[in-house]
Amino acid sequence: MRPSTNERTIKKKIFITIPWFLPAFRAGGPIRSIANLVDQFNMVEYWIFTSDHDVTGISLDNIDTGQWTDYNAHTKVWYAKKGHTSQQLTRQIEIIQPDIIFMVGLYSWYFTMVPLLFCKASRKILSVRGMLHPGALGQKNSKKKLYIRTLKLFGLQNRIWFHATDAEEKAYIQNQFGQNARVEIAGNIPMQSSFTSINPKRTGELKLVTLALISPMKNILAVLKALHLVESRVSYEIYGAIKDDEYWEQCMAEIRKLPGHIKVDYKGVIPFNEIKSALVSNHIFIMPSESENFGHAIYEALASGRPVITSRNTPWNHLRERCAGINVDPKDTNQIAEAINYFAMMDEETLELWSENAVGYSNEKFDLQKTLKDYERMFSV
């Protein structure tokens, strides 16, 4: 009898370079993806090399810098001190001699370009994490084009493998780096969640929530503008780090103009272990993003039984047909307002049915065992 995936052992060392890792949490999806990967796929040794601060520049508390720290039974983490990142990274790769260098993200000199240009391993895998989606490329376009041109200039795309989380992302990679680019597909691994009953709801009222980095990509400003068109009583909670101060000022200006029956509350940043309680204290999750490679918060909302309002630029589509949420045009405030109104006018019994459908939809869209096998294939090729 063939042993199961979790019983087999791949004797490989995977050296992961990522700009931010736990206890940092303000950078969102990539941190969660890697944390869930090393928790769920335990057939290799992981060596995670990261910075000693969060995305906002705040130093991390209760960490040991400049040395390997145990994270779990098969994972160690190195928190690099500022000013010595390149030297520490290249030296540790020389010492550990990993089988694979797995680089998370495209646009980092220290965590992408340095290991690509100056470090040795039998295989290098570049995980683009949604950064080549057309919606993502539209943000701060000149810097991103420079990094992509640099990769091509050195011909690095011919010497590495790319990691895509789905077939669509594979197409984006090959669009930028050519049809001969070598791409492995292995989906994101989300935090496992469980159904929680909907809170009491009255027709004409709604509790909305967003958990996301505050940036144009997440499109919170469009939600706020749409709320001007909503006549129902709405409470809207926003959680997340402010990545773009100028954008948040625009959001604040919009909040100040909202009518009295719309209440908006910015709740700041919360750690991962508090996300579910923030989700389930509300009725609907809303985030009409310009693009999402996966959308961990979207999955966690659905898996917890919270229908979502999001754009069509995510893996979570055909929501209306499944009575699990509504997909909208992220640039159309009228569509966003109509979706909010639709749920606001919904009675509690109907919302409970949509809640159950949201869980069913999330279960159909994500298969943990298949995803683990995909990582086994990617790391053992």
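Let me start with a pair of strands: in this predicted model, strand 10, which covers residues 233–239, lies alongside strand 11, residues 262–268, and the two pair in the parallel sense over six bridges. If you want one place to find that pairing on the screen, look for S235, whose bridge partner in strand 11 is K263. What joins with these two strands to make a right-handed β-α-β unit? It is helix 8, residues 245–256, and together strand 10, helix 8 and strand 11 form that unit.

Before we go on, a word about confidence, since we are looking at a prediction. The chain averages a pLDDT of 91, and 97% of the residues score at least 70. Over residues 1–8, however, the pLDDT is below 50, although this stretch does have twelve contacts in the model beyond near neighbours in sequence.

Now to two details of the backbone, each of them in a loop. L22 and P23 are joined by a cis peptide bond, with an omega of about 10°, and P23 sits in the loop that runs between strand 1, residues 13–17, and helix 1, residues 29–40. Further along, in the loop between strand 2 (45–51) and strand 3 (68–72), you will find N62, a residue other than glycine that nevertheless has a positive phi, near 55°.

Let me turn to the empty space. How many cavities of 30 Å³ or more does a search of the whole structure find? The search finds one, and the volume of this largest cavity is about 80 Å³. Its lining includes G130, H133, T165, D166 and Y172, and also, from later in the chain, E292, N293, N313, T314 and P315. Taken as a whole, the residues of that lining divide into two nonpolar, six polar and four charged.

T165, which we have just met in the lining of the cavity, comes up again in the second largest pocket, which has a volume of about 330 Å³. This pocket is lined by 17 residues, and those closest to its centre are T165, G187, K365, F366 and T371. Which elements give two or more residues to this lining? They are helix 12, residues 348–365, and helix 13, residues 368–380, and it is helix 13 that supplies the largest share, three residues. By character, the lining of this second largest pocket divides into six nonpolar, five polar and six charged residues.

How values were computed
Residues numbered from 1 in each chain as written. Predicted model: local features only at pLDDT ≥ 70, side-chain atom pairs only at ≥ 80, totals over all residues. Heavy atoms only, no water. pLDDT = per-residue confidence, 0-100. Contact = heavy atoms within 4.5 Å. 1 Å grid on protein atoms, 1.4 Å probe; cavity = no way out; pocket = protein on both sides within 12 Å on 5 of 7 lines; lining within 4 Å. Points joined across faces, edges and corners; volume = space filled by probe spheres on them. Nonpolar A, V, L, I, M, F, W, Y, C, P; charged D, E, K, R; others polar. Pairing = 2+ DSSP bridges. Helix = DSSP H or I, 4+ residues; strand = E, 2+ residues; numbered from the N terminus. Right-handed = clockwise from strand over helix to strand, strands pointing away.
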